[in-house]
Amino acid sequence: MVTKRLIPVIEIFGPTIQGEGMLIGRKTMFVRTAGCDFSCSWCDSAFTWDGSSKKDIRLMSAEEIWCELKQIGGNTFSHVTISGGNPALFPQIGELIHFLHNHNILVGIETQGSRYQPWFLEVDDLTISPKPPSSNMKQDLEFLDDILKNLEEHNRLKHVNLKIVIFDEQDFHYAKKIYQKYSQIPFYLQVGNPLITEQNDAVLAQQLLKRYNWLINMVMHDEVLKDIRVLPQLHTLVWGNKRGV
Ligand SMILES: C[S@@+](CC[C@H](N)C(=O)[O-])C[C@H]1O[C@@H](n2cnc3c(N)ncnc32)[C@H](O)[C@@H]1O
Ligand SMILES: Nc1nc2[nH]cc(C(=O)O)c2c(=O)[nH]1
Ligand code: SF4
Ligand SMILES: [Mg+2]
């Protein structure tokens with residue numbers, strides 16, 4: 001008998017739009033895994049790792065996840081984004097990727113570059129999001145370098161992008177250092193959301209647009225950051241801090 005390794009899933013939702021980074025605006029479904037090896041000070045998905053939504057965690061096989069995606073998304077989608085938490089904690093995500101590819105579904109991953117899995121080489125859209133100083137995390141940049149070198153050796157760089165969330169000038173300088181190291185990888189700066197519990201969508205949107213304006217200005221006057229894209233979290237502008245969108 002083949003034993004199927006189960007994946008801890010905390011939410012499955014969609015179809016929605018990818019609100020961030022290189023596929024912004026693309027129609028996609030989301031599978032969100034539970035658990036993270038980081039605990040960023042401003043994490044907008046802290047429920048995946050802080051115990052507050054423990055009751056929502058389900059251990060699911062690739063086939064069960066596929067059935068639920070079809071149940072809620074029907075025939076309306078051709079792309080699935082796997083986020084977390086950190087999906088790179090789980091070797092068994094490889095089985096889910098195979099399953100989705102066998103059903104002609106493209107797969108995106110959101111991860112922070114602190115862990116590597118062999119299935120990184122099979123991901124259609126791999127977003128790596130190193131954490132800047134404001135997160136209070138200490139990103140291992142040598143490990144990140146190993147991951148990116150490995151992807152390059154396997155000719156996968158066209159499937160990879162780097163996305164750094166910016167809250168302040170210190171984060172901006174950190175992002176600049178990383179940009180200079182990896183000029184051949186598509187590079188995105190994303191507006192940080194400091195109001196992750198704000199319920200008034202208008203107040204939130206106003207704050208985020210102000211920060212977007214600031215970040216655009218920082219980039220426009222910069223002589224190093226040239227081949228770069230600056231984005232807000234589109235889903236936050238549309239739906240605020242709502243979960244499952
Ligand atoms: C919730 S994380 C999950 C995937 C993975 N752990 C990571 O951090 O890349 C998904 C994306 O949301 C970003 N993010 C988390 N909290 C945020 C916030 N308050 N403002 C803007 N982006 C945020 C992360 O940097 C990451 O790019
Ligand atoms: N619409 C939408 N786009 C997203 N892009 C990355 C997300 C994430 O939490 O990883 C996310 C999310 O939660 N919702
Ligand atoms: S790495 Fe991602 S999921 Fe983990 S705490 Fe940071 S933002 Fe949240
Ligand atoms: Mg999110």
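Here a visitor asks a guide how the descriptions of this predicted model are justified.

Visitor: Let's start with the whole chain. What makes the protein chain as compact as a globular protein of its length?

Guide: Happy to start there! The protein chain holds six helices and nine strands. Its radius of gyration is 18 Å, and the globule rule gives 18 Å for 245 residues, so the chain is as compact as a globular protein of that length. The C-alpha trace spans about 60 × 45 × 30 Å along its principal axes.

Visitor: What share of the residues counts as buried, and what does the surface consist of?

Guide: Of the 245 residues, 53% count as buried. The accessible surface comes to about 11,800 Å², and carbon and sulfur atoms supply 51% of that area.

Visitor: How much of the contact list comes from residues 24 or more positions apart?

Guide: Among contacts with a separation of 6 or more, 71% join residues 24 or more positions apart.

Visitor: And how are the charged side chains placed?

Guide: There are 25 positive and 28 negative side chains, and the centres of these two sets lie 2 Å apart.

Visitor: Now to single residues. Why is Ser45 called buried or exposed?

Guide: Set the value against the cut-off: buried means under 20% relative accessible area. Ser45 has 8%, so Ser45 counts as buried. Ser45 sits in the loop between strand 2 (27-33) and strand 3 (58-60). Leaving out residues up to four places away in sequence, Ser45 touches Arg32 and Gly84.

Visitor: What does the UniProt record say about Ser45?

Guide: The unreviewed UniProt entry carries a "binding site" annotation that covers Ser45. Such annotations may be inferred rather than shown by experiment.

Visitor: His235 is in a helix. Why is His235 classed as it is, buried or exposed?

Guide: The cut-off for buried is under 20%, and His235 has a relative accessibility of 17%, so His235 counts as buried. The helix in question is helix 6 (residues 234-239). With residues up to four places away in sequence not counted, His235 touches Gly19, Glu20, Gly240 and Val245.

Visitor: What makes Trp214 fall into its accessibility class?

Guide: Partly exposed is the class between under 20% and over 50%. At 32% relative accessibility, Trp214 falls in between, so Trp214 counts as partly exposed. Trp214 belongs to helix 5 (residues 201-220). Apart from neighbours within four places in sequence, Trp214 is in contact with Ile166, Asp168 and Glu169. There is also a distance to look at: Trp214 and Val191 are 23 residues apart in sequence, and their C-alpha atoms are 9.3 Å apart in space.

Visitor: How do you know which class Ile196 belongs to?

Guide: By the matching step: the relative accessible area of Ile196 is 32%, so Ile196 is partly exposed. Ile196 is placed in the loop between strand 8 (187-191) and helix 5. The residues that Ile196 touches, not counting those up to four places away in sequence, are Trp42, Cys43, Asp44 and Asn241. Cys43 is worth selecting in your viewer: Ile196 and Cys43 are 153 residues apart along the chain, while their C-alpha atoms are separated by 8.0 Å.

Visitor: Let's turn to the backbone. Which peptide bonds are called cis, and what are their omega values?

Guide: Two to look at. Gly14 and Pro15 are joined by a cis peptide bond with omega about -5°, and Pro15 lies in strand 1 (residues 7-17). The bond from Gly84 to Gly85 is also cis, with omega near 15°. Gly85 is in the loop between strand 4 (79-83) and helix 2 (93-102). For context, most peptide bonds are trans.

Visitor: What makes the phi of Asn104 and of Asn155 worth a mention?

Guide: Most residues other than glycine have a negative phi. Asn104 is not a glycine, yet its phi is positive, near 60°. Asn155, again not a glycine, has a positive phi of about 55°.

Visitor: Where are these two, and why is each called buried or exposed?

Guide: Asn104 lies in the loop between helix 2 and strand 5 (106-111). Exposed means over 50%, and Asn104 has a relative accessible area of 68%, so Asn104 is exposed. Asn155 lies in the loop between helix 3 (141-153) and strand 7 (160-166). At 56% relative accessibility, Asn155 passes that cut-off and therefore counts as exposed.

Note on methods:
Residues are numbered from 1 along each chain as its sequence is written. Chains are lettered from A and ligands numbered from 1 in the order in which they are written. This is a predicted model: local features need pLDDT of at least 70, side-chain atom pairs count only at pLDDT 80 or more; totals for chains, interfaces and linings use all residues. Side-chain values use heavy atoms; hydrogens and water are left out. Helices (H or I, at least four residues) and strands (E, at least two) are DSSP runs, numbered from the N terminus. Buried means under 20% relative accessible area, exposed over 50%, partly exposed in between (1.4 Å probe, protein chains only). Contact means heavy atoms within 4.5 Å. The radius of gyration is taken over C-alpha atoms; the globule rule is 2.2 Å times the number of residues to the power 0.38. Accessible areas come from the Shrake-Rupley method with a 1.4 Å probe; for residues, only the protein chains shown count as cover. Lys and Arg count as positive and Asp and Glu as negative; His and the chain ends are not counted. The place of a charge is taken as NZ of Lys, CZ of Arg, CG of Asp or CD of Glu.
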